[in-house]
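Welcome! Here are a few short exercises to work through with the model open beside you. Try each task on your own before reading its solution.

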Number of protein chains: 2
Amino acid sequence: MSGPPASLFVRALRGEPVERYPVWMMRQAGRYLPGYQAVRARTPFLDLCRSPDLAAEVSLEPVERFGVDAAIVFADILLTADAMGVAVEFPATGGPRIGRPIRTPADVRRVHEPDARRTAAVAATVARLRRALPADRAVIGFSAAPFTLCAYLIEGGSSRDFWRTRAFAYQHPDAFEELLGRAADALVPYLREQAAAGANALQLFDTWGAVLEPALFERWVVPMAARVIEGLGADRPPVIYFPGLGAADRLEAAAATGAEALSLDWQTSLGRAYARVGTRVRLQGNLDPTVLLADPGTIGRAVERMLAEVPPGRPHLVNLGHGILKETPPEHAAAFVRAAQAFRPAASPCP
Amino acid sequence: MSGPPASLFVRALRGEPVERYPVWMMRQAGRYLPGYQAVRARTPFLDLCRSPDLAAEVSLEPVERFGVDAAIVFADILLTADAMGVAVEFPATGGPRIGRPIRTPADVRRVHEPDARRTAAVAATVARLRRALPADRAVIGFSAAPFTLCAYLIEGGSSRDFWRTRAFAYQHPDAFEELLGRAADALVPYLREQAAAGANALQLFDTWGAVLEPALFERWVVPMAARVIEGLGADRPPVIYFPGLGAADRLEAAAATGAEALSLDWQTSLGRAYARVGTRVRLQGNLDPTVLLADPGTIGRAVERMLAEVPPGRPHLVNLGHGILKETPPEHAAAFVRAAQAFRPAASPCP
């Protein structure tokens, strides 16, 4: 394809050598930011997700404020649940709730093909972001990965251990696989629309994938994420797969999804991850987001210590190991981005 | 030492060849059992912990009902917090809460040397269990490991991600280390009393250890658990260390605590764990407790699949990968124990 030169972020994601590492933050358009808070004070959460103008405004705030190298579209991973016929409530306090979760094999039949009109605002937001940003800033589209979407459908909301999801998988393996397949097939057109609207990369969040025992992770979590990536077709943008919390010992399996990059949680050793899968995929991450509650000096040193683990010549994607906390002072997020962008990678060793 | 022959459980824990694998279940004396429910209907939680007669009664129920190979003393890991001057409430619903958690370096000074009188009932319960059980059933004493105890002290209760604990570690490393040291030094006499009262093994629960990034796990979590084990002295019973949820990639570090065995969560591959540390320590675990919500046939097959991963000639300790769920039908726990005890290990390969 011709067109403008690829952004630093996309070049790194493709594995090309970069002069510095690009940086963004998971959940960077969120409650810790004053602009976001101001929009939310007058806009219910779901209205914000479904208003491309407002969603683009909050997505741009971290780019304008901190100069991050990529904007991620503001949306919620449960919009697709709603589009598939599973109603989701977003109460003013606490996380989203599903009033009638999927608890039996018969419930799985309630999950229908997605009504694209109910998620159309997300691609519209992507298009606005792509128009608003210069070519050197990437726009990231995203969705949940199939397992994580289904974990919410079964659990009815977030959970510490997703025990109902795990029990469902053991009790009703056929219905579980059917549910995962419906989710995977719904996510493909949703992500394709974001790509068509101009997303330069797509991130698949499998935040809770590792709650399943390793054998089931390899049986269901990875193949269903791979089915989505495969379904996006040959002309898709590069994909970043987040295998979730506690997946440190599953990186080889996660790398088999076909994603160009893996996003790592803070519980994963970055050096060990490079040793294990660093020649097969790019890696993104993975500072503990609670470091951003410490003083800027501590933040800067933590970023340097983290990036010292990246082997010379590899294009790392700097990020947090999970979403930024709402308690984070914005100036601490700025310190994180500044330290990441000031870091100069060691040159590749001579061949 | 002379005395009665060691139980199957202790022989396996020492690494001796066994004709079958011993089995018990984390949290086996708990809310899923009718006898426990009957006691709790007339006894507040803390009164139960502090009544050796009642605590012994509920500890014995799974031995009598299922024939598990070991009884673990009924107690709560936060009894030591209370003994160190940090008051804990055990409300009728929900988990325990600490009214005034440790949130600043100054708070650490509130944590004093333990008042052994406030935990004396636990050793008394151990003594009753040892008297009540035949020599072929082991009695297990336990405590939290230092990091996990401190995580509760800082967080004020349980948490999905213990973000306050992680933030405290980054913001106040010296105070954090001081707090961990006080906890370690308080746990030593507590566990020694249980050993003196007749405990045949001790389990150290570091349930939340892996929430810290790997470098801090190796800096604080492991050395503080090792300090407790070392402090128990040369005549201590064997120790089982539970490095907690999400520690699959940290088994080598966990094996460096000096414990005779590691208890594994269900997110860990048992076969891979044996390949990594199986010649250095024994392994305990690790069926997903949600399997026990499925039918007995499924439970039996899952046990066989799990135990097929144990290399021939190694004495495995069968358990769940986390505490049994309160939703578990008792007859499903029976099916788990039956399947574990019916399994015949393959003979060791000829030398």
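**Exercise 1. A strand and its surroundings**

Work out how many residues of strand β4 (residues 138-144) of chain A are buried.

*Solution.* Keep in mind that this is a predicted model. A residue is buried if 20 or more other C-beta atoms lie within 10 Å of its own. Going along β4 of chain A, seven of the seven residues are buried, so this strand is largely enclosed by the rest of the structure.

**Exercise 2. Neighbours of β4 in chain A**

Find the strands that pair with β4(A), and follow Ile140(A) to its bridge partners.

*Solution.* Step one: strand β1 (residues 70-72) of chain A pairs with β4(A) in the parallel sense, over three bridges. Within this pair, Ile72(A) has Ile140(A) as its bridge partner.

Step two: strand β5 (residues 201-205) of chain A is joined to β4(A) by five bridges, and these two strands also run parallel. Here the bridge partner of Ile140(A) is Ala201(A).

Step three: put the two together. Ile140(A) is bridged to Ile72(A) and to Ala201(A).

**Exercise 3. The sheet in chain B**

Write down the strand order of the open sheet in chain B, then name its edge strands.

*Solution.* The seven strands follow the order β1-β4-β5-β6-β7-β8-β9 (chain B), with parallel pairing. The edges are β1 (70-72) and β9 (317-320) of chain B, each of which pairs on one side only. From one strand to the next, the twist averages 25 degrees.

Now look at one end of the sheet. Three bridges join β1(B) to β4 (residues 138-144) of chain B, and Ala71(B) has Val139(B) as its bridge partner in β4(B). Finally, find helix α10 (residues 173-196) of chain B: this helix lies across β4 and β5 (201-205) of chain B and runs at about 170 degrees to β4(B).

**Exercise 4. Two chains together**

Which turn and shift lay chain A on chain B? Then describe the side of chain A that touches chain B.

*Solution.* A turn of 180 degrees with a shift of 0.0 Å along the axis lays chain A on chain B, with an RMSD of 0.0 Å. That is the relation of a two-fold axis. The same surface serves both copies, as 100% of the contact residues of chain A recur in chain B.

Next, the contacts: 23 residues of chain A are in contact with 23 residues of chain B. On the chain A side, the largest share, five residues, comes from helix α9 (residues 163-171) of chain A. By class, this side has 12 nonpolar, six polar and five charged residues.

Methods:
Residues are numbered from 1 along each chain as its sequence is written. Chains are lettered from A and ligands numbered from 1 in the order in which they are written. This is a predicted model: local features need pLDDT of at least 70, side-chain atom pairs count only at pLDDT 80 or more; totals for chains, interfaces and linings use all residues. Copies are superposed by least squares on the C-alpha atoms of residues with pLDDT of at least 70 in both. Two residues are in contact if their C-beta atoms, placed from the backbone, lie within 7 Å. Helices (H or I, at least four residues) and strands (E, at least two) are DSSP runs, numbered from the N terminus. Ala, Val, Leu, Ile, Met, Phe, Trp, Tyr, Cys and Pro count as nonpolar, Asp, Glu, Lys and Arg as charged, and the others, Gly among them, as polar. Two strands pair if DSSP finds at least two bridges between them. Axes are lines fitted to C-alpha atoms, for helices over the stretch in contact, and angles run from 0 to 180 degrees between N-to-C directions. A residue is buried if 20 or more other C-beta atoms lie within 10 Å of its own, exposed if 12 or fewer, and partly exposed in between; C-beta atoms are placed from the backbone.
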